[in-house]
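Hi everyone, thanks for coming along. Let's take a look at the structure together, and I'll talk you through what I picked out.

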There are 2 protein chains.
Amino acid sequence: MRSALSHLECSKCGSRYDADAPQQLCRCGAPLLARYDLRSAAQTFTRKNIAAREPSLWRYAELLPLRDMLHRVSLNETMTPLAQLSAFGSEIGLSDLRLKDDGALPTGSFKARGAAIGVSRAKELGIGRFGMPTNGNAGGAWSAYGARAGVEAYIVMPRSAPAIHRLECAMTGAHLFLVNGLIGDAGRIIGKAVTECGLYDASTLKEPYRIEGKKTLGFEIVEQLHWNVPDVLLYPTGGGVGIIGIYKALMELRETGLIGEKLPRMVAVQAEGCAPIVRACHERKRESQTWQDPHTIAFGINVPKALGDFLVLDAIYATGGTAIAVSNGAMERLQRRLAETEGLLICPEGAATLAAAQQLREQGWIAANEVVVAINTGSGLKYGDVPYPQPRLLERDADLPIA
Amino acid sequence: MRSALSHLECSKCGSRYDADAPQQLCRCGAPLLARYDLRSAAQTFTRKNIAAREPSLWRYAELLPLRDMLHRVSLNETMTPLAQLSAFGSEIGLSDLRLKDDGALPTGSFKARGAAIGVSRAKELGIGRFGMPTNGNAGGAWSAYGARAGVEAYIVMPRSAPAIHRLECAMTGAHLFLVNGLIGDAGRIIGKAVTECGLYDASTLKEPYRIEGKKTLGFEIVEQLHWNVPDVLLYPTGGGVGIIGIYKALMELRETGLIGEKLPRMVAVQAEGCAPIVRACHERKRESQTWQDPHTIAFGINVPKALGDFLVLDAIYATGGTAIAVSNGAMERLQRRLAETEGLLICPEGAATLAAAQQLREQGWIAANEVVVAINTGSGLKYGDVPYPQPRLLERDADLPIA
């Protein structure tokens, strides 16, 4: 169970970097990806071996970058549920719809995957402090894992970000700042501190290991489907690290012989008010254009231009996937309908994938009997201001209104 | 893996009831407890068999009341972490302090245990609708499991209960009402509907199966300690179902031969502003007196008189335990300190157990090297209004203040 990490490679120009020193972007400005000696990994990275290991992302150790498991920083991650949505699925005409529910992770979001691996590797490489801009969930996760690791976190988030994220960062002892602006402004403030003060830059895709954590989403889904891939996989796409990570996981599973040639059709789901990937995909472009005046209730996917947009588009094109935008109204409606039919409280970004599944089914792009996996990126408990029917107030001596 | 449920027995007068019909309290007014054929259960309820089963509370099937696993209502429970608190523990002088973190359960609280078993069994017994008063977490959990089961939930909560619980109930489609009063007023409104409309009463200890879910907390802790019991076990005590359930679990484990004679010293932790069990314990009483003018930030343990108080006191006396009250300030301080040192965001009730551990260590009641388990009953993400240091606001062109 040793990491087969070999080196880092630029996702654009192919340049090679030493994986055992702290690295950020390639000189050409593109993200670096971790590469493994997959032949060596395949000797122990087998279905049977993996099945016998602990039920968490750490079971995929050979294809994780951590050299020494003693450096592992954990908040007790579990393998998240791949829940069958029978009642809800039948309402929208899908007989095998599953929800991969990453709201069950520590800090209540999928960002725990990236933070677990990213912070562990930062600690292993001797990094004492890092900085990042965030719309919320990533800041909460990296602060919590930072606290566990004893690594200092500098977090800058828009003042409009939900209050729960502020609480997470401040409680876990991060150096937290709000900016009177948007995520881009937060990024510029962090960027300056990186250049001028030598802060390690933990921004999306600017360090190479967060994506290695996200990758485990793909490993888990395939393993939970008994080493089969679904027909369709829907992902709420902001920075896109998840979709890039899952695609990377599928490529690595293929090369180690754990799955065959078939890949799921990958669907990037965005909000109508911020859909740069959707526009680029429909125009068959290799990169996206910055979205003007972005706005959506799904704060986590409010990203006007992703650094890794070309990797997201690559994954979509290579798998015969697509990209689709959904409305705020559809997200709110399906968030509530899922809660009513299945008892599951998910985030608006997760609800976006269900809205997309419904639309693609109606259009015939998804067939009724296909295996469809929708990804929920966060717990609905972190979204206190969704609209819901207000309860009636009873006086103390009232009778319960009951049919 | 079949339930060894045999019958229901009154916890006070010992009367016997049929377990395969819906039951509420005993005619004498005391709670009914599920009894099992432990000799028959012991044939398959072995350490080795259990270890091979799925990592959730359902693994203890022989000692759960569900007759047919097809009636199981699940929101994808996990075995919750028993996290080693090395950094925090050393600060308060304990070398082996663990946190049993039930915030990791569906709906973000330990109430999911009771709801999973309670709603499953209600469904199995053909109950179509139930009602309950709640301070919040129980209502959220029973609504969610009710939605999953297709069983109607009538929930009444004080208007002062945290907004997140309202959201949980309303989103999952419960019939939710607020009362212009306290939990006792909510209970009276439900009580009337039970009498007059035949609603099934799912109030704390008024149906016999919620406690069977809570019991699994005890099973999990002992199994996670490799079938050893801790020296001390601290539980935040409101209605007290958890402490009663854990004690019941220990008795059943002893009778099936899975543990020996040793029991943990059980500690009921209450808030200084609502401590009826603490008062009764110090006076060596068998029952508690209603606490006048109860108030605490830990809403979940704001229970002035528990129906099962005598069972809580029995468990404390039988194990050489104690009861202790902690202040709001201590809860807030330790909630924050745990987040800073361990990266874990817990609820005020959970923090109360850590405050109690610290005080009992200082008093010498707990020795430095004892194995101590503190129970966290809910995720800190559900408590958005805890005080924390407010972050500084930066303008868009600011430099990051960094040393």
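**A walk from one small sheet to the whole pair**

Let me begin in chain B, where strand 1, residues 5–10, pairs with strand 2 of chain B in the antiparallel sense, over two bridges. You can find one of the partnerships by eye: Leu8(B) has Tyr17(B) in strand 2 of chain B as its bridge partner. Before we go further, please keep in mind that this is a predicted model.

Now, what is the order of the strands in this open sheet of chain B? There are three strands, in the order 2-1-3, and the pairing is antiparallel. Strand 2 (16–17) and strand 3 (32–36) of chain B are at the edges, and each has a single partner strand, so one side of each has no neighbour in the sheet.

Let's step back to a whole chain, and I'll use chain A. Its secondary structure comes to 13 helices and 14 strands. The C-alpha atoms of chain A fill a box of roughly 70 × 50 × 45 Å along the principal axes. Why do I call the chain compact? For 403 residues, a compact globule would have a radius of gyration near 22 Å, and chain A, with 21 Å, agrees with that. Buried residues make up 60% of the 403 residues in chain A. And if you take the contacts in chain A with a separation of 6 or more, 72% of them are between residues 24 or more positions apart.

Next, the two chains together. A turn of 180°, with a shift of 0.0 Å along the axis, lays chain B on chain A with an RMSD of 0.0 Å. The two copies are thus related as by a two-fold rotation axis. The same surface serves both copies, with 100% of the contact residues of chain B recurring in chain A.

How many residues of chain B are in contact with chain A? The count is 61 residues of chain B, against 62 residues of chain A. Several elements of chain B give two or more residues to this side, including helix 5 (137–149), helix 7 (183–197) and helix 12 (328–342). The largest share, seven residues, comes from helix 6 of chain B. By type, the residues on this side of chain B divide into 35 nonpolar, eleven polar and 15 charged.

Strands pair across the chains too: strand 14 of chain A, residues 392–394, and strand 8 of chain B run in the parallel sense over three bridges. To spot this pairing, look for Leu394(A), which stands opposite Val179(B) in strand 8 of chain B.

Methods. Residues numbered from 1 in each chain as written. Chains lettered and ligands numbered in written order. Predicted model: local features only at pLDDT ≥ 70, side-chain atom pairs only at ≥ 80, totals over all residues. Least-squares fit on C-alpha atoms with pLDDT ≥ 70 in both. Contact = placed C-beta atoms within 7 Å. Helix = DSSP H or I, 4+ residues; strand = E, 2+ residues; numbered from the N terminus. Nonpolar A, V, L, I, M, F, W, Y, C, P; charged D, E, K, R; others polar. Pairing = 2+ DSSP bridges. Rg over C-alpha atoms; globule rule 2.2 N^0.38 Å. Buried ≥ 20, exposed ≤ 12 C-beta atoms within 10 Å, placed from the backbone.
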